Amino acid sequence: MERRKVVIIGSGPAGFTSAIYTARANLQPLLFEGFFSGPSGGQLMTTTDVENYPGFPDGITGPDLMNNFRKQAIRFGTDVVTEDVKECDFSKGPFVIRSSKREVQADTVIISTGATAKRLDVEGTRDGEFWQRGVTACAVCDGAMPIFRNKDLYVIGGGDTAVEEALFLTKYASKVYMVLRRDSFRASKIMADRALQHPKIEIIYNHTISLVEGEAVVTSVTLEDVTNKKTTKRVAGGVFFAIGHTPNTAFLGNQVEMHDSGYLKVVSGTTQTSKEGVFAAGDVQDHVYRQAVTAAGSGCMAALEAERWLVMKGLTG
């Protein structure tokens, strides 16, 4: 069975940054970038313009940015395989990583499988419709884009995350409408009060969005009253899902400690998981920031910590 010093599971900014650093340290990493589990490059592969990643004053598309990450990782000697990891065995070292095509031993593992934004199945919001053409799941990532400025924007969700997204959007929108299918917030009282008191936020209770329409980009939404099924069509410049994320950790079983939400637990200030020699970087362990630049930063941390762990264990020879 092939044995590697470092195996990286997942791509995206965290995975490819881990690969760049470990490859430059002559650790010859093997990176599983995924196949059926999602596009190589993670969520940025479904993002159009990225305007907040440092070093690109004119912006760059998500796919172009991630293709650059990938090329850089390969340039320094990363072996990239387009396969999904089916299971891991962390019971003893070296660890065993299995995909549908191979079984590999790993002295250290960096998990960077990210998280998937939750989306409702609303007509007009699906891939190939208006997803990333006025429909998104990250206000902080996309809210400042020109297509959303001075428009009526709709946020779906009633939790703390939804309130945070709505408050952020008030900087750019003419009006922000929060659509709640219930008659009350799920958010904490302090967050709900902030939304209720903000002059640019209006709460629409007991409604869902049943249809999103437009031309090149979103131009309207249809609201449906959950009590009487009455529908109303309204002008809209964008729709933001804010109903949470699902970390991609199911393949790990119960071998690594997780939060109740499924995010991997790490030792504060590090990327070390509960399993010695297994590190986690990017959105798979970050439920707070969820940005490309912070994912890349944690990928660097994981790589440096993995290298130090290998040195400490005498496994770099």
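**View A. Lys-233 and Glu-213 meet side chain to side chain.** A polar contact of 3.3 Å joins the side chains of these two residues, Lys-233 and Glu-213. Keep in mind as you look around that this is a predicted model. To find your place, look for strand S16 (residues 231-235), which is where Lys-233 sits. Is Lys-233 buried or exposed? Its relative accessible area is 55%, and exposed means over 50%, so Lys-233 counts as exposed. Setting aside neighbours within four places in sequence, Lys-233 is in contact with Glu-213, Ser-220, Val-221 and Thr-222. Take Val-221 from that list: Val-221 and Lys-233 are 12 residues apart along the chain, yet 5.8 Å separates their C-alpha atoms.

**View B. Strands S6, S7 and S8 are linked by two hairpins.** Start with strand S6 (residues 85-89), which runs antiparallel to S7 and is joined to S7 by four bridges. S6 and S7 make a hairpin, with five residues between the two strands. Now follow the chain onward: S7 and S8 make a hairpin too, this time with three residues in between. Here again the strands run antiparallel, and four bridges join S7 to strand S8 (residues 103-111). Arg-98 is a handy residue to zoom in on. In S7, Arg-98 stands opposite Glu-87, and in S8 the bridge partner of Arg-98 is Glu-103. Why is strand S7 (residues 95-99) described as largely enclosed by the rest of the structure? Because four of its five residues are buried.

**View C. Five strands line up in an open, parallel sheet.** Reading across, the order of the strands is S10-S17-S11-S12-S13, and the pairing is parallel. Which strands stand at the edges? Those are strand S10 (135-136) and S13; each has a single partner strand, so one side of each is left without a neighbour in the sheet. Further in, S11 and S12 pair in the parallel sense over five bridges. One pair to look for is Ile-156 with its bridge partner in S12, Val-179. As a general reminder, strands of a sheet pair through backbone hydrogen bonds, either parallel or antiparallel.

**View D. Helix H4 lies across the sheet.** Four strands are crossed by H4, namely S11, S12, S13 and S17, and the helix runs at about 165 degrees to S12. Which residues of helix H4 (residues 160-169) are buried? They are Ala-162, Val-163, Glu-165, Ala-166, Phe-168 and Leu-169. What do these buried residues pack against? Their partners include strand S11 (152-156), strand S12 (175-179), strand S13 (201-204) and strand S17 (238-241), and two helices join in as well, H3 (139-142) and H5 (189-197).

**View E. The largest nonpolar core brings 26 residues together.** Four residues have the most contacts inside this core: Tyr-53, Leu-65, Phe-69 and Ile-110. Two or more residues each come from strand S1 (2-9), helix H1 (12-24), helix H2 (62-75) and helix H6 (292-312). H6 gives the most, with seven residues. A second, separate core has 24 residues, among them Leu-153, Val-155, Val-163 and Ala-173. If you're wondering about the general pattern, nonpolar side chains tend to be buried together in soluble globular proteins. Back with Ile-110, its contacts beyond four places in sequence include Val-6, Val-7, Ile-8, Ile-9, Phe-279 and Ala-306.

**View F. Cys-138 and Cys-141 are bonded through their sulfur atoms.** How many disulfides turn up in a search of the whole structure? There is one, and it is formed by Cys-138 and Cys-141, whose sulfur atoms are 2.1 Å apart. The torsion about the S-S bond is about 65 degrees, so this disulfide is right-handed. Cys-138 counts as buried at 17% relative accessibility, whereas Cys-141 is partly exposed, at 29%. Elsewhere, Cys-88 is buried at 7%, and Cys-300 is buried at 18%.

**View G. Gln-272 is a buried loop residue.** Look for Gln-272 in the loop between strand S18 (245-247) and strand S19 (278-280). Its relative accessibility is 17%, and buried means under 20%, so Gln-272 counts as buried. Not counting residues up to four places away in sequence, Gln-272 touches Lys-265, Val-266, Val-267, Gly-277, Val-278, Phe-279 and Glu-305.

How values were computed:
Residues are numbered from 1 along each chain as its sequence is written. This is a predicted model: local features need pLDDT of at least 70, side-chain atom pairs count only at pLDDT 80 or more; totals for chains, interfaces and linings use all residues. Side-chain values use heavy atoms; hydrogens and water are left out. Buried means under 20% relative accessible area, exposed over 50%, partly exposed in between (1.4 Å probe, protein chains only). Contact means heavy atoms within 4.5 Å. A polar contact is a pair of N or O atoms within 3.5 Å; within protein, one must be able to donate a hydrogen and the other to accept it, and residues adjacent in sequence count only if both atoms are side-chain atoms. A nonpolar core is a set of buried Ala, Val, Leu, Ile, Met, Phe, Trp, Tyr and Cys residues joined through side-chain atoms within 4.5 Å. A disulfide is a pair of cysteine sulfur atoms within 2.5 Å. Two strands pair if DSSP finds at least two bridges between them. Axes are lines fitted to C-alpha atoms, for helices over the stretch in contact, and angles run from 0 to 180 degrees between N-to-C directions.
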